Amino acid sequence: MRDPRYDILFEPVKIGPHTAKNRFYQVPHCNGGGYRDPSAAAEMRGVKAEGGWGVIFTEQTEMHPSSEITPFIELRLWEDQDIPSIARMAERMKTHGGLAGIQLAYSGINGPNLYTKEVPLAPTALPIRTFTNDPVQARAMDRQDIRNLRRWFVNAAKRCHTAGFDLICLYGAHGFGIFQHFLSRATNQRMDEYGGSLENRARFAREVIADMREAVGETMAFTLRVSLDETIGELGFSNAEVRDFIEMNRDLPDLWDLAHGTWEDCSGPSRFKEEAAQEQLVRGIRELSDKPVVGVGRFTSPDVMARMIRQGTLDFIGCARPSIADPFLPKKIEEGRIEDIRECIGCNICITGDMTQGMGRCTQNPTWMEEWRRGWHPERMNAKGASQNVLIVGSGPAGLEAARALSLRGYDVAIAEARDEIGGRVARERKLPGLSAWGRVVDYRQYQLSQRPNVETYPASRLDAEQILEFGFHNVCIATGAHWRADGVARQHVVPMPMDKAMPVYTPDDLMEGRVPKGRVVVYDDDHYYMGGVLAELLTQIGCEVTLITPAPYVSDWARNTLEQTAIHVRLAAAGVRIVLNRGVAAILAGAVETNCSYTDARERTPCDAVVIVGSRLSEDDLFHDLQARKAEWADAGILSVKVIGDACAPGPIAWATHAGHRYARELDEPERGYDMPFRREVTRLAD
Ligand code: ADP
Ligand code: SF4
């Protein structure tokens, strides 16, 4: 049963006319599905309701066609025909007594309106501020525009009411919502009664909330999501001004939702931000208002959560990522199952769903955004099929997740691992600078497997085809991973690059095994995710003089999708890494690399003592092919199936491997689908 230390987390708390059943508050978060996949998004929220969250919010909902953030896919509530899809979400949120919240966003200086082609409206005429520097400027709103916008907010509030929501969150954080644009002197340079003094800059928020209260206030509560600090110095909406604003408007919303400056700050990855990183910025704000306060901080520890409440910093524990990694987090605390919590690792892969307009993924929770499409529940597996047992070869994230999920289905599972240590790539990568929290991928699964009677793990057991045929398991799952290539093949070079043998060349595997270079080292990053930057950091720590060369225009280019790229560049620059962008390595010579400009091919030489190639990886699939070659012997050995999954099938990020492991477990003994339509889709209905 529940530990009494955590009772405080289960106290009901009032928000306007409603009462949340506990203090677990899923703050608004995107998921990549949005208006394109409304049932998938609704079911994802429904699973959180089942997991015990007291308050559950939508992602940002664009509330009027004069402001939208294409290409990003959020929700839309522009007219009555948008109501049914968001009503489905509200209904799913409320299934277990949770409160249903919707976040209304008017993007103002953030909305390029690439879809509607409407002229963007903002407090002050300035270029649109987006991730992609769109060549679009906003027009300054006049008084009539402001009156219109107030009316649009009221119309949206009425539609939210019709759709069945209990709470409306007005978005004014992360630099993204019109409320912040009015509050900040950086984006509000008006000379009229809406600009200048803080009182004037707060006028718009006061008016909108008053209008909405009049329209639907008896049955709906209003929360205001504001940035804790715009982090652009005196000019912006600073932490001191946020405090003044809240004190001056003590009772304005029914709840204060406090989120740090930019989205990058607020959703800081574990590589750069600890749990509860916003504590200092939030502390003391609660005393400035009589209304409850919610704050975030990648909370996964119930002790930290209880401390936040007990010391009076927060009234609600706000979670986005921890609720994605484990939608059942509240329920597990309530049932005294702390060790079963699947802790978020802070990798921000979930955010890439939004940034790439793909479908949300989570490294820790492969069922995220598959709840409706594939019918995957995070806590329940499908029934066992006809066969009895599975041999999993390899204990990386793919093998471990397959084992965990298969054991829940009721199969007898054996995991054979060549190394002494369980965990595959994660066992090694967690030791790299800043990546220790990623070890939770292994820790969570290892603990879960230790609790299962039907799983045996065999470390230090490298298997070959002969042994596997002798063992005679019904099913063989090859999850043997991949290794980094040393020949330079990746994106710039599709065949091995010219290389003088006199130059010592290392791969990430070498460095992770402790074989490290000395002196002047070139890190050639043609992988573009975290590894190049992390290894450059590691090399500076052991005293190397590091030059990072990449053909991309950014260090760790793809990490823009995980909101880490800026922090990576800053950290490397601070560590003294020389960063060379837009240049590839055309050839490795004795004593130097020959670099070439990504645009002009202009050549230069960079003298160095060693090169670390962070290029691509090669699957360890020999074992799979050996078994395929002996298919004729399977029947006699009792083998029904042999499959290759994860990096051994095609290398990718860790989240791809846990997804592959989970999928293997779900689909074992199910009818073979191959590449046929693998999940349910929602298809737009043609208009009459
Ligand atoms: P993935 O990301 O797909 O899970 P990893 O590279 O993390 O892959 O893990 C693969 C694991 O498989 C490694 O720990 C590796 O030692 C192990 N392995 C590779 N070949 C064999 C083999 N023949 N027998 C047992 N274990 C193996
Ligand atoms: Fe946490 Fe990573 Fe999952 Fe996002 S993808 S919820 S950061 S574990």
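Which residue follows α14, and what sign does its phi have? I started my notebook here: G410 comes right after α14, and its phi is positive, near 110°. A reminder to myself: this is a predicted model.

**Entry on α14**

I checked the length of the helix next. α14 covers residues 397-409, and at 1.5 Å a residue its 13 residues should span 18 Å. The C-alpha atoms at its ends are 18 Å apart, so the expected span and the model agree.

Then I asked how covered α14 is, taking buried as under 20% relative accessible area. Twelve of its 13 residues are buried, so I noted the helix as mostly covered, following that cut-off. The buried set includes charged side chains, E401, R404 and R409. It also holds P397, A398, G399, L400, A402, A403, A405, L406 and S407.

What lies over these buried residues? I found the strands β14 (389-393), β15 (412-416) and β16 (455-458) among the covering elements. The helices α15 (424-429), α16 (440-450) and α23 (654-667) are also included.

**Entry on ligand 2**

I moved on to ligand 2 and found that the space it takes is the largest cavity. Two elements give two or more residues each to the shell around it: α11 (321-325) and α13 (349-355). Of these, α11 provides the largest share of the shell, three residues.

Which residues come nearest to ligand 2? Of the 14 around it, I wrote down C344, C347, N348, C350 and C362. Sorting the shell by class, I got eight nonpolar, four polar and two charged residues.

Methods. Residues are numbered from 1 along each chain as its sequence is written. Chains are lettered from A and ligands numbered from 1 in the order in which they are written. This is a predicted model: local features need pLDDT of at least 70, side-chain atom pairs count only at pLDDT 80 or more; totals for chains, interfaces and linings use all residues. Side-chain values use heavy atoms; hydrogens and water are left out. A residue is near a molecule or strand if one of its heavy atoms lies within 4 Å of it. On a 1 Å grid over the protein atoms alone, a cavity is a set of points where a 1.4 Å probe fits but cannot get out, and a pocket is an open set with protein on both sides within 12 Å along at least five of seven lines; lining residues have an atom within 4 Å of a point. A molecule sits in a cavity or pocket if more than half of its atoms lie within 2 Å of its grid points. Helices (H or I, at least four residues) and strands (E, at least two) are DSSP runs, numbered from the N terminus. The expected span of a helix is 1.5 Å times one less than its number of residues. Buried means under 20% relative accessible area, exposed over 50%, partly exposed in between (1.4 Å probe, protein chains only). Contact means heavy atoms within 4.5 Å.
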